[in-house]
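Q: I would like to learn how to read a protein model feature by feature, with the general idea stated beforehand and the particular case after it. Could we work through one together?

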Amino acid sequence: MPAKVVVGAQWGDEGKAKVVDFLSESADLVVRFQGGANAGHTVVAGGKEFIFHLVPAGVLHPGKVGVIGNGVVVDPEALLEEMDRLEGIGVKVDGRLFVSRDAHLVMPYHKVLDRVMEEHRGKRIGTTGKGIGPCYRDKAGRVGIRVGDLMDPDVFRAKLHAALDVHNRILSSYGEPPLDEGEILSQYRRFAERMASLVADTSLILNRALDEGKRVLFEGAQGTLLDLDHGTYPFVTSSNTTAGGACTGTGVGPTRIDEVVGVAKAYTTRVGEGPLPTEFEGEMEEEMRRRWGEYGATTGRGRRCGWFDAVAVRYAARVNGFTSLALTRLDSLEGMDPVKICVAYEYDGRITEEFPNSAEVLGRCRPVYEELPGWDGPTSSARSWEELPEGARAYVRRIGELVGAEVVLISVGREREQTIVLGEPWR
Ligand code: IMP
């Protein structure tokens, strides 16, 4: 019953989709367990770029079964558009994609509220505006509407009526026009017709698959430091992006998970607000953003960039229980000399090697760097450890030591082939 969880070790955009794509080749099922259409997972295969938001990126491999678990918040409009777009480029997922009947629905008022709340919040979070936070808030507040409800017209009508009564009052208190119940009802009725064949008891599907010895890959979205509990609250997303979320978000017990792979970029990026100790200063940030093409796949926003933060990634190894680490975009550091790794923080005149799980404290931490010699040699053409320049190998070795996890996979470019495998993909 091999089950492997892949999660981001930083603030998202670590290149998880490339690692998921690689591991999915030998998986049977690929599962999203949290987040929603705020995610943007990009896979490059055969020179073509494929972007996934809700559909698990692993389904790019023909025949793999995709599952959207109960922990995901599903925007039916975004899901159906994504399925159509994928089909348009030759990736047919009908018949091999299942959506949990227990997943909550993103409703039109969630998207309006996401924007309005962000405008009125004292401190901006920089949300993607996809309605994620308000939808999870309704879930916790026990007024959410689930995918299963959508399949029963009477239940859906009653729940929508009650929810809209509350939400229209909230919207009007912010000076926003009320939303029309009839319009939402007919729009969601159309979604229900198209989604009916996807809806399933996905916990049952997954547990049966594991009983049969199938390989299940859990595809995390966002990253550890955006986790609602373990991230830099309040500058986080509204779900548990860490490995534990794979269990609560799918109905698979923790005893069934064998491995947790952390994915870290060879440097650091963050999109949206919140502290980022190793952020480049001045013109360097803009220059590196441009050179590295660090722009969001979902919103197109420029990402903030900085040096690798080993304090943060070691913390991620702890809260997720990493069994291994995948390091992406190693090629991007080629030509930089020296390369820096943050090994500790200075806070109020003291040195600490532990990540403070508080945005206020982290905002006052100054990075303590270790410098390593850079390298010039060809990184993106290397296909084995031996082919990597010595400087790049020393950098990877040092990251493994500092994080306390074995690096088993290195990505040196966007294409599938630009991957160096150091360990067994499935133990
Ligand atoms: P929300 O998830 O849209 O509520 O956004 C909350 C925070 O998480 C913001 O800082 C977003 O920029 C960030 N965020 C959400 N999804 C992603 C992602 O897929 N990659 C990177 N950051 C994300």
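The dialogue below goes through domains, a sheet, peptide geometry and salt bridges.

Q: Into which domains is the protein divided?
A: Please keep in mind throughout that this is a predicted model. The assignment gives domain 1, made up of 3-102 + 198-260, together with domain 2 at 104-195 and domain 3 at 263-421. Domain 1 is thus written as two segments, and the bounds come from an automatic or database assignment.

Q: How should I read the relation between domain 2 and domain 3, and how many residues are in contact?
A: It helps to put the distance between centres beside the contacts and the buried area. Taken over C-alpha atoms, the centres of domain 2 and domain 3 are 37 Å apart, while 7 residues of domain 2 are in contact with 6 residues of domain 3. About 410 Å² is buried between domain 2 and domain 3, and carbon and sulfur atoms give 51% of that area.

Q: Which side chains meet in a salt bridge across that interface?
A: The rule finds 1 salt bridge across the interface of domain 2 and domain 3. The side chains of Lys 123 and Glu 360 meet in a salt bridge, with 4.0 Å from N to O, and the cut-off for such a pair is 4 Å. The side of domain 2 that touches domain 3 has, by class, 3 charged, 3 polar and 1 nonpolar residues. Between these two domains, 2 residue pairs are in polar contact, both at pLDDT 80 or more.

Q: How do I read a sheet, and what is the order of the strands in the open sheet here?
A: The general idea is that strands of a sheet pair through backbone hydrogen bonds, in either a parallel or an antiparallel sense. In this structure an open sheet of 10 strands follows the order β9-β7-β5-β2-β10-β1-β11-β15-β19-β20, and its pairing is mixed. The edge strands are β9 (199-200) and β20 (419-421), each of which pairs on one side only.

Q: Which residues stand opposite each other where β2 pairs with β5?
A: Strand β2 (residues 29-32) and strand β5 (residues 65-68) run parallel and are joined by 4 bridges. Leu 29 stands opposite Val 65 in β5, and Val 31 stands opposite Val 67 in β5. Strand β5 also pairs in the parallel sense with strand β7 (residues 97-100), over 3 bridges, and there Gly 66 stands opposite Leu 97 in β7.

Q: Where are the cis peptide bonds, and what is omega for each?
A: One cis peptide bond joins Tyr 233 and Pro 234, with omega about 5°, and Pro 234 is placed in the loop between β10 (216-219) and α9 (245-248). Another joins Asp 337 and Pro 338, with omega about 0°, and Pro 338 is in the loop between β15 (324-328) and β16 (339-347). The loop between β15 and β16 also holds Arg 329, a residue other than glycine whose phi is positive, near 60°.

Q: How many salt bridges does the rule count, and why are Glu 286 and Arg 289 separated by about one helical turn?
A: The count comes to 34 salt bridges by this rule. One of them is formed by the side chains of Glu 286 and Arg 289, at 2.9 Å from N to O. Glu 286 and Arg 289 are separated by about one helical turn because they are 3 residues apart in helix α10 (residues 283-292).

Methods:
Residues are numbered from 1 along each chain as its sequence is written. This is a predicted model: local features need pLDDT of at least 70, side-chain atom pairs count only at pLDDT 80 or more; totals for chains, interfaces and linings use all residues. Side-chain values use heavy atoms; hydrogens and water are left out. Contact means heavy atoms within 4.5 Å. Buried area is the accessible area (1.4 Å probe) that two parts lose on being put together, summed over both. A polar contact is a pair of N or O atoms within 3.5 Å; within protein, one must be able to donate a hydrogen and the other to accept it, and residues adjacent in sequence count only if both atoms are side-chain atoms. Ala, Val, Leu, Ile, Met, Phe, Trp, Tyr, Cys and Pro count as nonpolar, Asp, Glu, Lys and Arg as charged, and the others, Gly among them, as polar. Two strands pair if DSSP finds at least two bridges between them. Helices (H or I, at least four residues) and strands (E, at least two) are DSSP runs, numbered from the N terminus.
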